Amino acid sequence: MKHILFPTDFSDNAHNAFVYAIHLADTLEARITSVHILETNDQENNRVPEKTYERMQKEIERAFVKYQQEAKTLHEISESVLLTDVEMNHVLKEGDFVERFTEVVEKEQPDLIVMGTTGATSLRKVFWGSNTTHLLTKVECPVLIIPENYAYRTIKKVAYATEVEWFENPTIDEALDFAQSIGCTLSCFNIAKVGKQKEQALLKMEDYEYKYRRIGGVTFEVIENSDVLFGIHEYVKL
């Protein structure tokens, strides 16, 4: 992984996520591209009233000035964590957030996206609603979501919630590659209801353990819970 994309809305939450991005970039010897999308209503061929067009231009100018200040702020954050050697570029776009950001992803071809979300007191709130959810369905690279107010600490363990399906092997391999690239372990787990579902999950986990038996730093386990999201949330707290 050599290129990290970091979307920012200039908020404290985005700055908190940037701390993760800068540490990962340093570990991976990667560069960072920060992206800000000025959300406006797209108007075909600029066919809008003159006053509306002038107002839109002023908004763009103000956004450009704010983004210049944001670049300085991100540099100050880099200085505060003693990581000023990471290469950084900045991109400003106008329009619908998901559409424009997807375009940036296609052009920049990042290996990883690091972004913040808001008010994440449980995993349900992390994944439901907001631009984050829409973005996850559009991009084809890993996305690391940093919940609000989660202070950075060295990453020692990556967890992957598996559905124990036959087609998941490549995904496990990717998760393992990522974990190894940042020097931590990988824990693959499945949330299963008691009974036949749990029995099947245990059998599949045994298959995984056999396949990865010669690879260190990866474990497989089944967690009993009738609610998948709640089970994941409880597992994360362990």
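Q: Which residue of β7 is the bridge partner of Val158?
A: The bridge partner of Val158 in β7 is Leu186. This is a predicted model, in which local features need pLDDT of at least 70 and side-chain atom pairs count only at pLDDT 80 or more, while totals for chains, interfaces and linings use all residues. Residues are numbered from 1 along each chain as its sequence is written, and side-chain values use heavy atoms, with hydrogens and water left out.

Q: What makes β6 and β7 a pair?
A: Two strands pair if DSSP finds at least two bridges between them. Five bridges join β6 to β7 (residues 185-192), so the two strands qualify. They run parallel.

Q: Why is one side of β6 and of β8 left without a neighbour in the sheet?
A: The sheet is open, with three strands in the order β6-β7-β8 and parallel pairing. β6 (157-161) and β8 (218-224) are at its edges and have a single partner strand each, so each has one side without a neighbour. From one strand to the next, the twist averages 25°.

Q: Which helices lie across this sheet's strands?
A: Helix α6 (residues 169-181) lies across β6, β7 and β8 at about 140° to β7. Helix α8 (residues 228-237) also lies across β6, β7 and β8, at about 145° to β7. These angles run from 0 to 180 degrees between N-to-C directions, with axes fitted to C-alpha atoms, for helices over the stretch in contact; contact means heavy atoms within 4.5 Å.

Q: What is the basis for calling α1 and α6 helices?
A: Helices are DSSP runs of H or I with at least four residues, strands are runs of E with at least two, and both are numbered from the N terminus. The chain has eight helices and eight strands.

Q: How do you know that the span of α1 agrees with its number of residues?
A: The expected span is 1.5 Å times one less than the number of residues. For the 17 residues of α1 (residues 12-28) that gives 24 Å, and the end C-alpha atoms are 25 Å apart, which agrees. α6, with 13 residues, reaches 18 Å, close to the 18 Å expected.

Q: Why is α1 described as largely enclosed?
A: Buried means under 20% relative accessible area, exposed means over 50%, and partly exposed lies in between (1.4 Å probe, protein chains only). In α1, 14 of the 17 residues are buried, so the rest of the structure largely encloses this helix.

Q: Which faces of β1 are covered?
A: Both are: His3, Leu5 and Pro7 on one side, and Ile4 and Phe6 on the other, are buried. With five of its five residues buried, β1 (residues 3-7) is therefore largely enclosed. β1 pairs in the parallel sense with β2 (residues 31-38) over five bridges, and Pro7 stands opposite Val35 in β2.

Q: What covers the buried residues of α6?
A: The cover includes β4 (112-116), β6, β7, α7 (196-211) and β8. The buried residues of α6 include Ile172, Leu176 and Phe178.

Q: What makes a set of residues a nonpolar core?
A: The members are buried Ala, Val, Leu, Ile, Met, Phe, Trp, Tyr and Cys residues joined through side-chain atoms within 4.5 Å. The largest core has 41 residues, and Ile172, Leu186 and Phe220 are among those that touch the most other members. α1 gives the most to this core, with ten residues. A second, separate core of 14 residues includes Val91, Val104, Met115 and Val139.
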